Amino acid sequence: MNPLFPPGVDRHAHLEGSLDPAWVRSQAEREGKALPGTLEALWRGETIPFEGFIPAFFFACGFLRSAEAVRETLRAAVRRLAPPEDGCPRGIDLWVSPHYLCVAENLLTLEDLWRGMDEGIAEARAQGVRVAVIIDAVNHFGIRHGHEVLDLVLGDRPEWVIGFSTGGLEGVPFRQWAPVFERARKAGLRLAAHAGENGPGENVREAILEAGVGRIVHGVHAAVHPEILELLAERQIPVDVCITSNVALVPGLGPHPLPQMLRSGVRCALGTDDPGVMACDMPGEWNAARALGLTQEELATLRRNAVEDAWCLG
């Protein structure tokens, strides 16, 4: 493996944020809908407040109304991977919010969501790309919502659904989410959490120690806490870092802390997050990481982590 070549794994992408911008634009034109200015700004690579990201995200994922749209989104996610490299695995760890799509917004039925996912995943596998699905609940909606998400998906979940996570605003303490995570764990799901993104770095520690989470998404605010970086390194907790998303949405981030996290022994890897909203792809994320001044050895570590800790490959 060439350590200067991007890994073939996208360690963190959301289905709802992965639609192809050209497809979204064509759907909007067909339906006579004006694109939000914030969405077009994000497509141009501009930085906007998190409050502006939300309506842009909701507008785009509002077109996920059929199995065909879901399948098309999987195709777009595969196209954003690095090109194939001999002997190197390719895959996507994909976060999906069935409660939002099928219950809260009633955009499509759960049956259609699963069918579109199944067809899209089969197409990806035919191209040598493996996909694992992590069910995403919304932290700030609270634990009742978390149980409703599990009620929805646990009854007859597809074999490619292997994880459970929380996202959204980090408004409800992770210790309160512990019973939901424990229920998901007992059902055989692996556990992750968006933590230390729009909340303080201490949320990373709480998610690990009090909610039993074994994987952190973003975690950038933990970088100002050496003891939390030490905890992540000591326990070998994988951390998915999304540079374009973090720079665009994390207020007051400053220089991206990926180099510091890697040098502290944290098992970081790269993801695209919402690449159909904040236009990016894995080669671009890799170039962004290189621009942070990582050494060749650190790039090799980043690439190795991407494969070794990927749930789609494990």
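This briefing describes the sheet, one helix, the nonpolar cores and one loop residue of the structure above. The model is a predicted one. Its eight strands form an open sheet in the order β1-β2-β3-β4-β5-β6-β7-β8, with parallel pairing, and the largest nonpolar core contains 93 residues. Helix α7, which covers residues 143-154, has buried residues that line one face of the helix.

**The sheet and its edges**

- The open sheet is built from eight strands paired in the parallel sense, and β1 (9-14) and β8 stand at its edges, each with a single partner strand, so that one side of each is left without a neighbour in the sheet.
- From one strand to the next, the twist averages 25 degrees.
- At one edge, β1 runs parallel to strand β2 (residues 90-96) and is joined to it by four bridges; within this pairing Val9 stands opposite Gly91 in β2, and Ala13 stands opposite Leu94 in β2.
- Although β1 is an edge strand, it is mostly covered, with six of its six residues buried.
- At the other edge, strand β7 (residues 238-241) and β8 pair in the parallel sense over four bridges, and Pro238 stands opposite Arg267 in β8.
- In a regular strand the side chains alternate between the two faces of the sheet. Strand β8 (residues 267-270) is covered on both faces, since Arg267 and Ala269 on one side are buried, as are Cys268 and Leu270 on the other.

**Helices against the sheet**

- Helix α6 lies across β2, β3 and β4, and runs at about 150 degrees to β3.
- For α7, the twelve residues should span 16 Å at 1.5 Å a residue, and the end C-alpha atoms are 16 Å apart, which agrees with that expectation.
- The buried residues of α7 are His145, Gly146, Val149, Leu150 and Val153; seen down the helix axis, these buried residues fall within an arc of 140 degrees, and they therefore line one face of α7.
- An α-helix has 3.6 residues a turn, so residues three or four places apart point the same way.
- On the other side of α7, Arg144 and Asp151 are exposed, whereas the buried residues of the helix pack against α5 (98-104), α6 (110-126), β3 (129-138), β4 (161-167) and α8 (174-186).

**Nonpolar cores**

- In soluble globular proteins, nonpolar side chains tend to be buried together.
- Within the largest nonpolar core, of 93 residues, Met117 and Phe164 touch the most other members, while helix α3 (residues 50-61) gives the most to this core, with seven residues.
- Leaving aside neighbours within four places in sequence, Met117 is in contact with Leu15, Val70, Leu74, Leu94, Val96, Val133 and Trp160; of these contacts, Leu94 is also the residue of β2 that Ala13 stands opposite.
- Apart from the largest core lies another core, of ten residues, which includes Ala132, Ala192, Ala310 and Trp311.

**A loop residue after α8**

- Ala187 is found in the loop between α8 and β5 (190-195), and it is partly exposed, with a relative accessible area of 27%.
- The C-alpha atom of Ala187 is separated by 9.4 Å from that of Leu150, which is 37 residues apart from Ala187 along the chain; Leu150 is one of the buried residues of α7.
- Beyond its neighbours within four places in sequence, Ala187 is in contact with Leu154 and Arg157.

Key
Residues are numbered from 1 along each chain as its sequence is written. This is a predicted model: local features need pLDDT of at least 70, side-chain atom pairs count only at pLDDT 80 or more; totals for chains, interfaces and linings use all residues. Side-chain values use heavy atoms; hydrogens and water are left out. Buried means under 20% relative accessible area, exposed over 50%, partly exposed in between (1.4 Å probe, protein chains only). Helices (H or I, at least four residues) and strands (E, at least two) are DSSP runs, numbered from the N terminus. Two strands pair if DSSP finds at least two bridges between them. The expected span of a helix is 1.5 Å times one less than its number of residues. The arc is that of the directions from the helix axis to the C-beta atoms. Contact means heavy atoms within 4.5 Å. A nonpolar core is a set of buried Ala, Val, Leu, Ile, Met, Phe, Trp, Tyr and Cys residues joined through side-chain atoms within 4.5 Å. Axes are lines fitted to C-alpha atoms, for helices over the stretch in contact, and angles run from 0 to 180 degrees between N-to-C directions.
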